[in-house]
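Good morning, colleagues. Please look at the model on the screen while I discuss two of its helices.

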Amino acid sequence: MSKRIAIFPGSFDPFTKGHHDIVQRGLKIFDEIIIAIGYNSKKQNRYFDIDLMIDKLEETFKSEPRVKVIVYNKLTSTLAKELNAGFLLRGLRNTTDFEYENSISQVNKYLNESLESVFLITSPEYAAISSTIIREVHKFKGEVNEFLPYKLD
């Protein structure tokens, strides 16, 4: 049987406890998970520096050799082909997420017919956490470490 490799794509600005939960649960299904941070160097619109996020993710998963962290700037379906990944791992918090992710999944399947999207429902304790909310709280000097699997200084 071939190795089950999943890509967990996203901007992860920032990577939250909800994302961490999806990766931990995904490790029960997949042999390897590649956290793929989508980044366009021509667009400087990230709130948290990409290098900071890479460092925090590598630190978070340092004891889990089946998790890798990469940065990419191409179609996710193309990245999957290049990395021999047969799966996209995504988390769903609500029906709004489902509608959005379903559309993306259909396009990815069209572009790469061997690519399957696997959706995990967010654990209830993380359902209210979103990167958008965390950015807003952090911007106004609110405490966000409770929502992250690492500490921000």
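Helices (H or I, at least four residues) and strands (E, at least two) are DSSP runs, numbered from the N terminus. The expected span of a helix is 1.5 Å times one less than its number of residues. The model is predicted, so local features need pLDDT of at least 70 and side-chain atom pairs pLDDT 80 or more, while totals for chains, interfaces and linings use all residues. Residues are numbered from 1 along each chain as its sequence is written, and side-chain values use heavy atoms, without hydrogens and water.

I begin with α4. This helix, residues 95–111, contains 17 residues and reaches 24 Å from its first C-alpha to its last, close to the 24 Å expected at 1.5 Å a residue. Which residues of α4 are buried, that is, under 20% relative accessible area with a 1.4 Å probe and protein chains only? They are D97, E101, S105 and N108. These cover an arc (taken from the directions from the helix axis to the C-beta atoms) of only 65° around the axis, which puts them on the same side of α4. On the other side of α4, T95, T96, E99, Y100 and Y110 are exposed, meaning over 50%. The cover over the buried residues of α4 includes α3 (76–83), β4 (87–92) and β5 (116–121), where contact means heavy atoms within 4.5 Å.

I turn now to α2. In this helix, residues 50–60, the buried residues are I50, M53, I54, K56 and L57. They cover an arc of only 165° around the axis, which puts them on the same side of α2. Among the elements that cover them are β2 (32–38) and β3 (67–72).
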